[in-house]
Amino acid sequence: MDDDHSDHHHSAAPTTELEERVRRLETLLVEKGLVDPAAIDRLIDTYENKVGPRNGAKVVAKAWADPDYRSRLLADATAAIASLGFSGRQGEHMVAVENTPETHNLVVCTLCSCYPWPVLGLPPVWYKSPAYRSRAVSEPRAVLAEFGVDLPDSVQVDVWDSTAEIRYLVIPMRPAGTEGWSEDQLAGLVTRDSMIGAGLANSPEAR
Amino acid sequence: MNGIHDLGGMHGFGPVRKDADEETFHGEWERRVFGLTLAMGATGAWNLDMSRHARERMDPADYLRSSYYEIWLAGLERLLRESGIVDETELQSGRPLAGGVRPPRILKADDVAGVLARGASCERASESPAIFAVGDRVRARNMHPAHHTRLPRYVRGRPGVIERVQGRFVFPDAHAHGKGESPQWCYSVRFAGRDLWGEDAEPQSSALVDCWESYLEAADR
């Protein structure tokens, strides 16, 4: 593969011009009394510092450790996740899909960037990139291989395209060698990518 | 609409590149665009489907040339103009003029936590039973509406099987155009890789796509 695609989806226009355009817009909206700058700060702080994949890791760890919770999560993910205190915007309608030795699940939004904010925070840049959005549905194994996940042909790959308001959380397979671990210990093995299906949970040795 | 945003199955974008860092935002301007977009979304001047439709109407070449938050910025400016809240002169100058439409409410800092925690459920009470059941064979309709739709091109005309009945949800094709919520049943439909990509499909793969009822027709195959 060539390198022509490196970063042109990341920052195209000169940043100073963009910064000026955004400043102008915020000034305008504040002066018109349409936005409260303190509300903007709070929105940013929420998703930069408070909500993130550690939330989802707690959900997964609990599902691994507690068979009753796992059943509830698979039956009604919205309620099961809310019972741990994670709910709200972009997580109003949750579905949990479980990886097994027979089936690997991968989540994408080919049309935009839908992502389960309350459990994973805001999506990484790659998740929103044309490369991922275009290829996850047509060549998921090739995409997974680029993430270091090589699946045998015998494993069924299910790709969930988030075209509606349902948001998907992948429950990765519990790593071997973690028998008797606490939920806190287990949560430390759950990576963000594993909850998108683009990775596996860390093994105890890799910690 | 058959827009540039509908990327599923396209070639030419190269490998997926993992992020160089784990930063949520890259630069202060991205933070502000994110915050402004959510804050203006909370005013009730438009809905989420209108926001998506504003972004996907961006000039196709500009869309691919732009970074993610540039697309959000252009979408927000478009929504502000189209809703009559600000005009082009104001956007260019950054200085407010008299007049302009007032949105229903303003998001105050103290309301942020509550608004985010509540979210906005799109599920609506059922008035009629779902037509399809899990296991039913269906076909995604071959349709090419010029308006907003959430049926991606790569499944149109393709056979699939109902995997889950998700509930009855606000219909984006109507909601994005101010035509009310018109809720419909929504299903997760399993499309086999072979049915989508023919001989070029990878082995043992499926795409599961959430489809509103009117996107589907019964199939016997």
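**Notebook: domains, helix pairs and the A–B contact**

I began with chain A of this predicted model, where the C-alpha centres of domain 1 of chain A and domain 2 of chain A lie 32 Å apart. The assignment puts domain 1 at residues 15-48 and domain 2 at residues 52-206; such bounds come from an automatic or database domain assignment. For my own reference, residues are numbered from 1 along each chain as its sequence is written, and chains are lettered from A and ligands numbered from 1 in the order in which they are written. Because the model is predicted, local features need pLDDT of at least 70 and side-chain atom pairs count only at pLDDT 80 or more, while totals for chains, interfaces and linings use all residues.

**Entry on chain A with chain B**

I looked up the contact between the chains, and found that 73 residues of chain A are in contact with 73 residues of chain B (C-beta atoms, placed from the backbone, within 7 Å). On the side of chain A that touches chain B, H1(A) gives the most, with 11 residues; helices and strands here are DSSP runs, H or I of at least four residues and E of at least two, numbered from the N terminus. By class, that side of chain A has 34 nonpolar, 19 polar and 20 charged residues (Ala, Val, Leu, Ile, Met, Phe, Trp, Tyr, Cys and Pro are nonpolar, Asp, Glu, Lys and Arg charged, and the others, Gly among them, polar).

I then followed a strand across the two chains: S3(A) pairs with strand S4 (residues 205-212) of chain B in the parallel sense over 5 bridges, where pairing needs at least two bridges found by DSSP. Asp158(A) stands opposite Ser206(B) in this pairing.

**Entry on helix pairs**

In chain A, I checked helix H3 (residues 53-65) against helix H4 (residues 67-75), whose axes come within 5 Å and cross at roughly 125° (axes are lines fitted to C-alpha atoms, for helices over the stretch in contact, and angles run from 0 to 180 degrees between N-to-C directions). That makes H3(A) oblique to H4(A), since angles under 35 degrees count as roughly parallel, over 145 as roughly antiparallel, 65 to 115 as roughly perpendicular and the rest as oblique. Val59(A), Lys62(A) and Ala63(A) of H3(A) meet Tyr69(A), Arg70(A) and Leu73(A) of H4(A), and these residues divide into 4 nonpolar, no polar and 2 charged.

In chain B, I noted that helix H1 (residues 28-41) and helix H4 (residues 68-82) pack at about 40°, with their axes 10 Å apart, which makes H1(B) oblique to H4(B).

Technical notes. Contact = placed C-beta atoms within 7 Å.
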